[in-house]
Amino acid sequence: MTLVLIIFIGIIIFFKAAYPIFMASCKNAASSMAVNTVNEEVAKVIQTYTYEDIVEVEKDVNGKIATIQARFTQINDIVSQITENIQERIDQSDTQKVYINLGKVSGVSFLSYIGPTFEIEMERAGDINSKVKSEFESVGINQTLHRINLELECKMSILTPFGSVAEEMTTTVILA
C-alpha cells in the first residue's frame, strides 16, 4: 500500500512539474503552425495580384498622381480567399505530435535533451479575424509610399490529453 501511495505521489509531482512545460511546448507548436499556415496561404493568394489590381491610380494632365482609390471589391475578395484558406487548413489539419524529453521537465537547461522522449498528440481548432489597413508614409521630398496591409488575428485552441490552452497570434502582411 505504501509503495502504491509513493508511486501515486510521484506521478502527481511529475505531472505538476511537467504540465507547464507540456503546455508551453504545445503553445510553441501551435504558434509555429499558425505562422506557417498564414504565411503560406497569404503568399499563394497574393502572388496572383498586383498593386494595380487592388488600387486605381488617376493622374492629372501633367502625369502627376491626382487620386488613389482602393478597389474594395477586389480587396474583399482577396481577404475572403486568404481567411477561408487559412480556416480550412486549420480545420483539416491532423493531430500534431509534440515531443518532450524527460530532462526538460526537470527545469534544468543543460538536461533539456537528456532522457526518454514523451510524445503528446494535440488537436487544434482556430478562428481567424482580419482587418485591412491603408497607410501613407513620407519617404522623401514629394514622395509617398502607399501600403495596404492585412492584419490577421489567429486564435488557436490546443487540446491535449492533459487539458486545453488558448494561443493568440497576430501578424500583419502587405497586400499592396
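1. On the surface of this predicted model, Leu 5, Phe 8, Ile 9, Ile 12 and Ile 13 form a nonpolar patch with about 480 Å² of accessible area together. Patch residues have over 30% relative accessible area and no salt bridge, and nonpolar side chains are joined within 5 Å; a salt bridge is a side-chain nitrogen of Lys or Arg within 4 Å of a carboxyl oxygen of Asp or Glu, and areas come from the Shrake-Rupley method with a 1.4 Å probe.

2. Ile 12 is found in helix H1, helices being DSSP runs (H or I) of at least four residues and strands (E) of at least two. Ile 12 counts as partly exposed because its relative accessibility is 39%, where buried means under 20%, exposed over 50% and partly exposed in between.

3. Glu 41 also lies in helix H1, but Glu 41 is buried, with a relative accessible area of 3%. Leaving out residues up to four places away in sequence, Glu 41 touches Ile 82, Asn 85, Ile 86 and Arg 89, contact meaning heavy atoms within 4.5 Å.

4. The largest nonpolar core (buried Ala, Val, Leu, Ile, Met, Phe, Trp, Tyr and Cys residues joined through side-chain atoms within 4.5 Å) has 24 residues, and Ile 82, Leu 152 and Leu 175 have the most contacts inside it. Two or more residues come from each of helix H1, helix H3, strand S5 and strand S6. Apart from this core lies another, of 13 residues, including Phe 22 and Met 122.

5. Residues are numbered from 1 along each chain as its sequence is written, and side-chain values use heavy atoms, without hydrogens and water. Local features need pLDDT of at least 70 and side-chain atom pairs count only at 80 or more, while totals for chains, interfaces and linings use all residues.

Conventions. Buried < 20%, exposed > 50% of the residue type's maximum accessible area, 1.4 Å probe, protein only. Patch = residues over 30% accessible without salt bridge, like charges linked within 9 Å, V, L, I, M, F, W, Y side chains within 5 Å.
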